[in-house]
Structures are given as C-alpha cells and as structure tokens.
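User: I am new to this structure and would like to know what the terms used for it rest on. Please set each value against its cut-off.

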Amino acid sequence: MFTGIINHCGKIESIKHDKQSTQLEIACQFSDVVIGESIAVNGICLTVVDFQEGHFTCELSSETLRVTTANHFYQNQMVNLERALQMK
C-alpha cells in the first residue's frame with residue numbers, strides 16, 4: 001500500500017530491453033532497499049530485482065508497458081519515487 005505522498009526523486013540511469021522484459025536502473029538516495037520490495041515510480045508499482053548503494057533495478061513486463069505510461073520512460077529522466085508503507 002502506498003500513501004500517494006512522493007518523498008523522493010530518482011533518475012533513470014539506463015533502460016535495457018530484451019524479448020521478455022525491460023529493465024530500468026534508477027539512481028536514488030535510498031540505502032536500505034530490499035530485493036522484492038515494491039517502489040512506485042511515477043505512480044507505477046514496480047518490484048526491485050537488484051539493489052546497489054545509490055541505485056536499484058526493476059523489471060517491467062510487456063503488460064506493464066502496455067497498460068501504463070512506463071513505455072514513455074527515457075534515460076536521464078527524473079522520476080518520482082514512493083516506497084510502500086511499512087507494517088509495524
């Protein structure tokens with residue numbers, strides 16, 4: 001679940017396409033991202049598949065590209081980032 005409150009911005013560092021999916025690598029200020037975590041990128045909920053300090057990678061399926069605005073993302077684009085709420 002997301003609050004709808006954007007609390008960070010990131011920058012798309014790279015976009016890699018293959019037959020099955022598209023990978024986005026996004027520079028961020030986060031230091032504690034967990035693989036499998038959901039992060040909304042410009043309002044599109046994506047799952048983190050890799051994290052290194054300062055950037056994370058998400059895979060987008062062809063369906064995600066078809067039904068969202070993600071197919072308009074471009075390299076060096078600034079994007080809004082929102083992490084999912086934490087259960088306590």
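Analyst: This is a predicted model. A place to start is the pair β3 and β4, which are antiparallel and joined by four bridges.

User: Why are β3 and β4 called paired strands?

Analyst: Pairing requires at least two bridges between two strands. DSSP finds four between β3 and β4, so they count as paired. Within this pair, Ala 40 stands opposite Cys 45 of β4. The two strands form a hairpin with two residues between them.

User: What makes the phi of Asn 42 worth a remark?

Analyst: Most residues other than glycine have a negative phi. Asn 42 is not a glycine, yet its phi is positive, near 50°. Asn 42 sits in the loop that links β3 (38-41) to β4 (44-52).

User: Is Asn 42 called buried, partly exposed or exposed, and why?

Analyst: Buried is under 20% relative accessible area and exposed is over 50%. Asn 42 has 32%, which lies in between, so Asn 42 is partly exposed.

User: Which other asparagine has a positive phi, and where is it found?

Analyst: Asn 76 has a positive phi of about 75°. Asn 76 belongs to the loop between α1 (62-67) and β6 (78-83). Its relative accessible area is 47%, so by the cut-offs of 20% and 50% Asn 76 is partly exposed.

User: How do you know that β4 and β5 pair?

Analyst: The count is again set against at least two bridges. β4 and strand β5 (residues 55-61) are joined by four bridges and run antiparallel, so the condition is met. Phe 51 has Phe 56 as its bridge partner in β5, and Gln 52 stands opposite His 55. β4 and β5 also form a hairpin with two residues between them, and Gly 54 in its turn has a positive phi of about 95°.

User: What makes β3 and β6 a pair?

Analyst: Three bridges join β3 and β6 in the antiparallel sense, and at least two are needed, so they pair. Val 41 stands opposite Leu 81 in β6.

User: In what order do the strands of the barrel follow each other?

Analyst: Six strands close into a barrel in the order β1-β2-β5-β4-β3-β6, with antiparallel pairing. On average, neighbouring strands of this sheet are turned by 45° against each other, direction ignored.

User: Which residues have the most contacts inside the largest nonpolar core, and which strand supplies the largest share?

Analyst: The core has 20 residues, and those with the most contacts inside it are Ile 26, Ile 39, Val 41, Phe 56, Phe 73 and Leu 81. At least two core residues come from each of β2 (21-27), β3, β4, β5 and β6. β4 gives the largest share, four residues. In soluble globular proteins, nonpolar side chains tend to be buried together.

User: What does Ile 26 touch?

Analyst: Leaving out residues up to four places away in sequence, Ile 26 touches several residues, among them Ile 12, Val 41, Phe 56, Val 79 and Leu 81.

User: How do you know that the structure holds zero disulfides?

Analyst: A disulfide needs two cysteine sulfur atoms within 2.5 Å, and zero are found in the structure. For Cys 9, the nearest cysteine sulfur is that of Cys 28, 12 Å away, so Cys 9 is in no disulfide. For Cys 58, the nearest is that of Cys 45, at 9.0 Å, so Cys 58 is in no disulfide either.

User: Why is Cys 9 called partly exposed, and what is Cys 58 called?

Analyst: Cys 9 has a relative accessible area of 43%, between 20% and 50%, so Cys 9 is partly exposed. Cys 58 has 0%, under 20%, so Cys 58 counts as buried.

User: How confident is the prediction?

Analyst: The mean pLDDT of the protein is 91, and 97% of its residues reach 70 or more. Among its elements, strand β1 (residues 8-17) has the highest mean, 96, and α1 the lowest, 92.

Conventions: Residues are numbered from 1 along each chain as its sequence is written. This is a predicted model: local features need pLDDT of at least 70, side-chain atom pairs count only at pLDDT 80 or more; totals for chains, interfaces and linings use all residues. Side-chain values use heavy atoms; hydrogens and water are left out. Buried means under 20% relative accessible area, exposed over 50%, partly exposed in between (1.4 Å probe, protein chains only). Axes are lines fitted to C-alpha atoms, for helices over the stretch in contact, and angles run from 0 to 180 degrees between N-to-C directions. A nonpolar core is a set of buried Ala, Val, Leu, Ile, Met, Phe, Trp, Tyr and Cys residues joined through side-chain atoms within 4.5 Å. Contact means heavy atoms within 4.5 Å. pLDDT is the predictor's confidence in each residue, from 0 to 100.
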